[in-house]
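Visitor: Please take a close look at a single part of this model and follow its contacts outward. Give the cut-offs as you go.

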Amino acid sequence: MSPRARIDPRRRVLRAALRPVRRALARLDAPWRHLVVAAITGVLGALAVHAFRLALFGLEAIFVGARDGHLVAAARHLAPEVRVLAPALGAFAAGLLLWVSERGRAPDPARHRGDYIEAVVIGDGRLDVRAGLLKAAASLLVVSTGGAVGREGAMVLLAALLASALGRGLGRTVDLRLVVSCGAAAGLAAAYQAPLAGAVFVAEILLGSLALAQLGPVVVAAVMSYGVTVAMGERSVLFAVPAAAAPQALQVAAMMALALLGGVAGAALLSWLQAARAAFVRSRLPLHAAFALGGLVVGLLSLWRPEVWGNGYSSIELQLTAPAAWMAVAIVLALKLHGHRRHHRFGRARRRVHADALRGRGGGRAGRPRWECRRSPSRSTRLWAWRSCWPRRRVLR
């Protein structure tokens with residue numbers, strides 16, 4: 001069978017539909033070509049995020065009676081048994097969906113299964129569309145029933161999936177890794193209403209370069225996505241806060257200290273979640289049972305404080321408009337961290353994790369991970385955690 005005959009029919013249709021676009025782009029110089037594709041990617045990313053947000057709000061209204069994503073207010077009006085069971089049932093449905101869909105299916109090593117960071121940093125930009133869509137559907141089920149996970153990750157993933165499909169349809173006329181990076185920046189800008197932060201994050205972490213040839217298209221995609229998102233009726237900022245006077249010197253010093261403390265706390269949280277992921281690997285629970293157990297823990301915690309539902313958006317917005325006492329905030333934060341850790345431990349660790357590093361099965365030396373070093377002159381300045389070495393991955397069965 002010829003290589004042309006082995007091409008996926010859907011990809012063949014996409015490439016045929018994009019043939020006039022490829023011809024038009026081929027007449028442009030490379031910098032202008034990248035900018036045009038980045039603008040298209042930004043529009044597609046904004047539409048993907050908007051569609052996911054509408055679907056999510058619709059499911060939240062159906063399942064728990066929430067309006068405009070305010071899960072905490074909906075949880076307060078639910079009966080105790082519903083408040084406990086809703087996150088568990090939603091997580092169980094999501095786990096069952098992933099378990100049934102992935103059962104007996106051999107992974108394609110050339111495509112990264114819904115991890116756009118891996119696809120850009122260590123891959124060629126190709127994403128497994130089927131696996132990515134399944135992750136987005138599972139995220140819809142978990143978040144819409146009160147799960148203590150964020151909705152923005154699935155939004156960015158959908159934007160990156162669309163960008164990957166567009167880049168593969170355009171063929172060799174574009175750099176697929178750059179197109180996927182533009183999709184991720186578009187998703188971040190639309191999800192967080194922060195185009196500059198999204199563009200810098202993608203350029204620094206995914207591409208590892210702030211050179212104009214790469215930063216320019218990423219910024220264009222982020223700004224286009226932000227503009228389309230605002231034009232469709234979304235807020236121009238994620239949290240609306242009243243105007244404040246210019247800070248004094250003492251306040252600026254306090255902000256700087258808080259920024260340093262936030263960096264340390266973020267690193268500690270990542271280590272904590274890594275330990276939770278390792279605990280999941282050791283538990284060997286079936287995927288749907290693990291999801292349900294994580295949701296049940298969140299439901300039980302919500303009996304005391306319903307603020308553990310959702311990704312914390314409602315709690316932050318309430319704190320900005322009507323600040324609560326510091327002790328109440330500390331209790332909610334502790335419960336929120338515990339609930340997020342449980343959901344991260346039992347739900348999100350199904351990704352291709354670094355099993356050798358987690359289980360300590362490296363080279364016959366218990367407790368030591370094996371590392372596969374991948375050095376390349378063009379990729380030697382990537383994210384510090386991935387720049388020089390990447391742990392060998394295995395798919396958890």
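Guide: Contact here means heavy atoms within 4.5 Å. Helices (H or I, at least four residues) and strands (E, at least two) are DSSP runs, numbered from the N terminus. The model is predicted: local features need pLDDT of at least 70, side-chain atom pairs count only at pLDDT 80 or more, and totals for chains, interfaces and linings use all residues. Residues are numbered from 1 along each chain as its sequence is written, and side-chain values use heavy atoms, with hydrogens and water left out.

The part chosen is helix α10, residues 195–207. Its 13 residues, at 1.5 Å a residue, should span 18 Å (1.5 Å times one less than the number of residues); the end C-alpha atoms lie 17 Å apart, which agrees. After α10 comes Gly208, with a positive phi near 70 degrees.

Buried residues (under 20% relative accessible area; exposed is over 50%, partly exposed in between; 1.4 Å probe, protein chains only) in α10 are Pro195, Gly198, Ala199, Val202, Ala203, Ile205, Leu206 and Leu207. An α-helix has 3.6 residues a turn, so residues three or four places apart point the same way. The buried residues of α10 pack against α6 (116–121), α9 (176–192) and α11 (212–231).

Leu206 leads from the helix to the core. A nonpolar core is a set of buried Ala, Val, Leu, Ile, Met, Phe, Trp, Tyr and Cys residues joined through side-chain atoms within 4.5 Å. The largest one has 49 residues, and Leu206 is among those with the most contacts inside it, along with Phe52, Tyr116 and Val218. Helix α9 supplies the largest share of this core, 10 residues. Not counting residues up to four places away in sequence, Tyr116 touches Leu206 as well as Leu127, Val156, Leu157, Ala160, Val180 and Ala184. Another core lies apart from this one; its 13 residues include Ala66, Leu71, Ala86 and Val297.

Ala66 and Leu71 also appear among the contacts of Glu60, which, leaving aside neighbours within four places in sequence, are Gly65, Ala66, Gly69, Leu71, Val143 and Ser144. Glu60 belongs to helix α3. Glu60 is buried without a salt bridge (a side-chain nitrogen of Lys or Arg within 4 Å of a carboxyl oxygen of Asp or Glu), and Arg151, its nearest side chain of opposite charge (Lys and Arg positive, Asp and Glu negative; His and chain ends not counted), is 5.0 Å away. Arg151 instead pairs with Glu152 in a salt bridge of 3.9 Å, N to O. Glu152 is buried at 9% relative accessible area, and Arg151 is buried at 9% too. Elsewhere, shared salt-bridge partners join Arg76, Arg305 and Glu307 into one network.

In that network, Glu307 and Arg76 meet at 3.0 Å, N to O. Glu307 sits in the loop between α13 (287–302) and α14 (313–321) and Arg76 in helix α4 (residues 71–76), so the pair ties together parts 231 residues apart in sequence. Glu307 counts as buried because its relative accessibility is 9%, whereas Arg76, at 42%, is partly exposed.

For scale, the protein has 16 helices and 4 strands, and 44% of its 397 residues count as buried.
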